[in-house]
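I opened the notebook to look up how one chain is built around a strand and how that chain meets its neighbour.

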Amino acid sequence: VPSTADPEVDKSFTLDELAVHVGGKLRGDAGLRIHGVAALEDAGSDQISFVSHQRYAAEAAKSGAGALLVNASYQELDRPAIICDNPYLAFARVAQLFMEPPWLPLGVHPRAFVAESAQLADGVCVGPLAHIGMGVRVGQGTRIYGGSYLGRNVRVGEQCLIYPHVAILDRCRVGSRVIIHSGTVVGSDGYGFAQDENGRHIKIPQLGIVEIDDDVEIGANCTIDRATLGRTWIRQGTKIDNLVHVAHNVEVGEHNLLVAQVGIAGSTRLGSHVVLAGQVGVGGHITIGDRVRVGAKSALSHSVSHGQDVLGLPAVSKKEWMRTYAAILRLPQMRDELKELKNRVSQLQQALQGTDND
Amino acid sequence: VPSTADPEVDKSFTLDELAVHVGGKLRGDAGLRIHGVAALEDAGSDQISFVSHQRYAAEAAKSGAGALLVNASYQELDRPAIICDNPYLAFARVAQLFMEPPWLPLGVHPRAFVAESAQLADGVCVGPLAHIGMGVRVGQGTRIYGGSYLGRNVRVGEQCLIYPHVAILDRCRVGSRVIIHSGTVVGSDGYGFAQDENGRHIKIPQLGIVEIDDDVEIGANCTIDRATLGRTWIRQGTKIDNLVHVAHNVEVGEHNLLVAQVGIAGSTRLGSHVVLAGQVGVGGHITIGDRVRVGAKSALSHSVSHGQDVLGLPAVSKKEWMRTYAAILRLPQMRDELKELKNRVSQLQQALQGTDND
Amino acid sequence: VPSTADPEVDKSFTLDELAVHVGGKLRGDAGLRIHGVAALEDAGSDQISFVSHQRYAAEAAKSGAGALLVNASYQELDRPAIICDNPYLAFARVAQLFMEPPWLPLGVHPRAFVAESAQLADGVCVGPLAHIGMGVRVGQGTRIYGGSYLGRNVRVGEQCLIYPHVAILDRCRVGSRVIIHSGTVVGSDGYGFAQDENGRHIKIPQLGIVEIDDDVEIGANCTIDRATLGRTWIRQGTKIDNLVHVAHNVEVGEHNLLVAQVGIAGSTRLGSHVVLAGQVGVGGHITIGDRVRVGAKSALSHSVSHGQDVLGLPAVSKKEWMRTYAAILRLPQMRDELKELKNRVSQLQQALQGTDND
């Protein structure tokens, strides 16, 4: 594998600085200078890696990493380390120190289109061929990459990343520190029709908006439909993977995870800390409680209360699904047992008739 | 929720005008001026709402709406109303009066690219950074929003809305009053390969087109592939939700509903008034009759005759699915019964041997 | 159906030239001039079609095609023909002779944005409103259509087709003869988060790239995420349909087929010649052997060894699935049999008690 590092990002921190940053305890050379993060197998002597579990001890021993993030139970401290409760979380925090958003020159590129009435705060970057419509307002430090589209009267907060080919359509609102990946559409019309006497579908105008709160991240090629009236709402801290569909008037709660290719039908409300695994479908007009987890590819069409784990087609509690699935796996055996039992009963009948005839 | 109304759309109609428009019967102040539509809970005194069912009577009574669309059976007429057979359909028709397509200045924006040989009819709007290829023809009143792409020799009819970031590729044809939402691709290559002696996939050139008839609406981030030869065809009045895939040479009949994340494999033909619920997959080279309805997440791989309701994985008739699913739910109980029966038979055998031994 | 041929593509070959091209045996007029390919029912006297199976003999007899590609067992040679082992493969190869990529003028369109530091080889075409970032390098003969986006330091090889609205993000690498259809995103961030003490999701920076090898084709509106560290890798000759999701650090082997709406979770490795049918979901961190085939809509969450056919939810071997599914279909009958058997046993018990009482 050729090196894929961006040559122009060159930052470094001392191990001591990193220990303070993650709230961990330093072991070894406090002044060791770390230039980046890497996986155990790829890390070099100026990089830091992490050991999330004792079972990776052998791999860690062989790693070329200059330092490790480990937890207190980790034994083989053959090199400088930072001891912390959750080495994976600490790794995320250290990696963020080295992360740079994709490069974009400050200010508005002359090849961008920016309407006169748009208001861009200090530190906003707008790439070539981006489109900023009338009345748009963008907060400090937000980067709008080339080829993305902000419609009329759109609001975007501070420190956001709007990647190439994103479309945020008229009047939609985006909070601060939001990341939206390429090809995602925010504010397409909801799918609403009334049927006339001849079975023709008459469009219900979709007059609402989409509102996206702070610290949300939305993957590539997602679709977040605007509300019929009111708003479709993605709440704070929720992270959405690629190719996810969120229908009109849905409310997605705080700190949810919606994995790739999930679809949520109209007017459904999700609580906080909900996890929908990949390719899950959620029906319309239902309520999903806090901390509910739905297994991959499940179809959920009824409301679910707080803390439930559900899966299946249609989705049931994990316990019920396990029991039913175990029974299905034993079906062929059940058929054999049933057949054998029929024979035994037939023999009994014959034997009994023999007794009668005695 | 902050107000999301577009401040520059200000239309109003008298209640009498609305009654005539929906073919309903007026009760109360004919001259009452209505400025918009809203849900029961949000409506103000200058707005009209609707009551689709008697069970919303309490909500209706509390509503601030200045007027209501109701059916003849609705009792509590405490305010001006329009009585009609289908209040939801009437609401759609009234809402359409207030709907304005997203604003776009008349004519071609100087920052758009329009090939010299393109022919744009009167009243066509083309937004900044849109791309209109050679030989394109666009009919009266069609709006092509910024950042959308029409390839070479594309035809688009009258009064269409082509949203930002739509791509309609070379030679494809779009009828009149068609709406295509952002990120949708019309005319990508069909997925066709022949295998050579070494298992390599040799591309079958995709030489056909996509043809989209009048009054079709296609959601965001859909993909409609061009035919290998001939055409992929979306017929009149069909409404397609987001992230739907229609493969090469498919014919989607009139007035269909294809809900989000549906996929249809190559050369399949759908009749008219077909409904495919969310995340359905339809196999290739099959025929689906008129008015067929396929339940969410089903996999349909065989042809289905007119009027059938099917669902499941693989899809079967709704009746058969219900029966099978009920049996599956009783499986654990069946296992218990089988076990108990085995015990009883064993006891019988012992008893019979006892009898024999007497 | 109106003619959909591109009027400006006019090539022709003699039947003899075509026979040599496909390595087949000529029967009839060697000098017959062929101007295109068509399906049996559409072909005219200057076009060639193919007969893949004896069962299409009647259709072939009625066809207006001037010549046919057939195999040696085909009898009714009523017109010029090329005899070959695999007429469908031969048809693909002949059709490719007539295929022209969508037209684009040579060189960089003045309305494109190309960074000064980008290096474009001879014969590269860049359409209007395309974006070529800093440090990009593009190989000979590659066509980058209008509205597509190449980020900073992207590499694209020779003879590629990058369709309108494709986004290839910073540092990603694309081989030669690669085709990427509209709306596809290459190099969006992988979906990786660590949870903090309060259940908030902390982003794991995605520092890697996507690498796409030679002769790959990727459909419309797909998402190929960049690796956390290292690369997401699509290997040589693989063909991907529309709306497919490939997560971070996935390795897709050589000559795979990934049908529409497939999703593959992170760090999974696919062997060569793997086929994933439509809407399949594959879990993370697993290994799929060479020539594995996964049935449509299956959910695969465990590793599978070479050559297996699997399907289902969850996926099992095709044989096991068939057996289990057959048992499920007979479930209602099993219930009836179990009920009948219970009655018989009850009667036996009564009879036996009768015997005892004698």
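The entries below concern a predicted model and go from a strand to an interface.

Entry one, strand S27. I looked up strand S27 of chain C, residues 231–234, and found that C:Arg231 and C:Trp233 point one way while C:Thr232 and C:Ile234 point the other way, all of them being buried. I then asked which strands pair with S27(C): S24 of chain C, residues 209–212, does so in the parallel sense over four bridges, and S30 of chain C, residues 251–252, also pairs in the parallel sense, over two bridges. C:Ile234 stands opposite C:Ile212 of the one partner and opposite C:Val252 of the other.

Entry two, the copies. I superposed chain C on chain B, which gave an RMSD of 0.1 Å after a turn of 120° and a shift of 0.1 Å along the axis; that is the relation of a three-fold axis.

Entry three, chain C against chain A. I noted 80 residues of chain C in contact with 72 residues of chain A, and a buried area of about 6100 Å², of which carbon and sulfur atoms give 65%. On the side of chain C, the residues that lose the most area to chain A are C:Arg152, C:Tyr191 and C:His201, together 12% of what that side buries.

Entry four, polar pairs. I found four salt bridges across this interface of chain C and chain A, and 25 residue pairs in polar contact. The side chains of C:Glu337 and A:Lys342 meet in a salt bridge at 3.2 Å, N to O. Helix H5 of chain C gives the largest share of the side that touches chain A, 11 residues, and the elements that each supply at least two residues include S24 and helix H4 of chain C.

Conventions:
Residues are numbered from 1 along each chain as its sequence is written. Chains are lettered from A and ligands numbered from 1 in the order in which they are written. This is a predicted model: local features need pLDDT of at least 70, side-chain atom pairs count only at pLDDT 80 or more; totals for chains, interfaces and linings use all residues. Side-chain values use heavy atoms; hydrogens and water are left out. Buried means under 20% relative accessible area, exposed over 50%, partly exposed in between (1.4 Å probe, protein chains only). Two strands pair if DSSP finds at least two bridges between them. Copies are superposed by least squares on the C-alpha atoms of residues with pLDDT of at least 70 in both. Contact means heavy atoms within 4.5 Å. Buried area is the accessible area (1.4 Å probe) that two parts lose on being put together, summed over both. A polar contact is a pair of N or O atoms within 3.5 Å; within protein, one must be able to donate a hydrogen and the other to accept it, and residues adjacent in sequence count only if both atoms are side-chain atoms.
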